[in-house]
Amino acid sequence: LTITAVKDQQRVLAQYDLVQSRCGVAENYTKRDFVFELTLIDGCQMLFQVPDKKILIAWVRSIQHNVGLSQQTAQSRPRTDTTSTSQSHHHTKKKMFGFMRGDH
């Protein structure tokens with residue numbers, strides 16, 4: 001399961017693997033309403049704002065559900081990657097902020 005950052009619906013800016021990521025309402029973030037946080041396995045944190053609470057809950061549940069499914073699939077497959085986790089996830093911690101539409 002991946003999330004893709006796209007600019008102008010044409011150019012891919014980045015792709016992020018969501019396996020073992022965490023997603024939830026950003027309750028401690030008070031600058032904006034209806035914000036959820038996605039934290040990747042490498043510590044990268046992304047904040048997303050949506051239009052209302054109903055859509056916020058839908059996005060969080062959908063991501064949590066799909067991350068859970070991808071983790072189950074990953075655990076059932078034999079591991080073929082020989083690189084260690086510390087080598088393959090060398091990103092520095094960073095925060096990003098995005099806006100999401102209502103469709104998920």
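Me: What share of the 104 residues in the chain is buried?
Reply: Keep in mind that this is a predicted model. A residue counts as buried when its relative accessible area is under 20%. Across the 104 residues of the chain, the buried share comes to 28%.

Me: And how much area does the chain expose, and what part of it do carbon and sulfur atoms supply?
Reply: The exposed area of the chain is about 7800 Å². Of that area, the part from carbon and sulfur atoms is 48%.

Me: Which pattern do the helices and strands follow along the sequence?
Reply: The chain has two helices and six strands to place. Five strands come before the pair of helices, and one strand follows them. Written out, that's β-β-β-β-β-α-α-β.

Me: Which element gives the most residues to the largest nonpolar core?
Reply: This core has 17 residues, and the members touching the most others are F36, L38, L40, M46 and I63. Two or more residues come from each of strand 4 (35–39), strand 5 (45–49) and helix 1 (53–76). The top contributor, with six residues, is helix 1.

Me: Is T39 buried or exposed?
Reply: T39 sits in strand 4. Its relative accessibility is 8%, and the cut-off for buried is under 20%. So T39 is buried.

Me: Which residues is T39 in contact with, leaving aside neighbours within four places in sequence?
Reply: Contact here takes heavy atoms within 4.5 Å. With those sequence neighbours set aside, the partners of T39 are S21, R22, C44 and Q45.

Me: Are C23 and C44 buried or exposed?
Reply: C44 has a relative accessibility of 1%, while C23 has 13%. The buried class takes anything under 20%, so C44 belongs there. C23 also counts as buried.

Me: How many disulfides does the structure hold?
Reply: To count, a pair of cysteine sulfur atoms has to lie within 2.5 Å. On that test, the number of disulfides in the structure is zero.

Me: Why does Q20 count as partly exposed?
Reply: Q20 is in the loop between strand 2 (11–17) and strand 3 (22–25). Buried means under 20% and exposed means over 50%, with partly exposed in between. Q20 lands in that middle class because its relative accessible area is 48%.

Me: What distance separates the C-alpha atoms of Q20 and G68?
Reply: Along the chain, Q20 and G68 are 48 residues apart. In space, the separation of their C-alpha atoms is 8.1 Å.

Note on methods:
Residues are numbered from 1 along each chain as its sequence is written. This is a predicted model: local features need pLDDT of at least 70, side-chain atom pairs count only at pLDDT 80 or more; totals for chains, interfaces and linings use all residues. Side-chain values use heavy atoms; hydrogens and water are left out. Helices (H or I, at least four residues) and strands (E, at least two) are DSSP runs, numbered from the N terminus. Buried means under 20% relative accessible area, exposed over 50%, partly exposed in between (1.4 Å probe, protein chains only). Accessible areas come from the Shrake-Rupley method with a 1.4 Å probe; for residues, only the protein chains shown count as cover. A nonpolar core is a set of buried Ala, Val, Leu, Ile, Met, Phe, Trp, Tyr and Cys residues joined through side-chain atoms within 4.5 Å.
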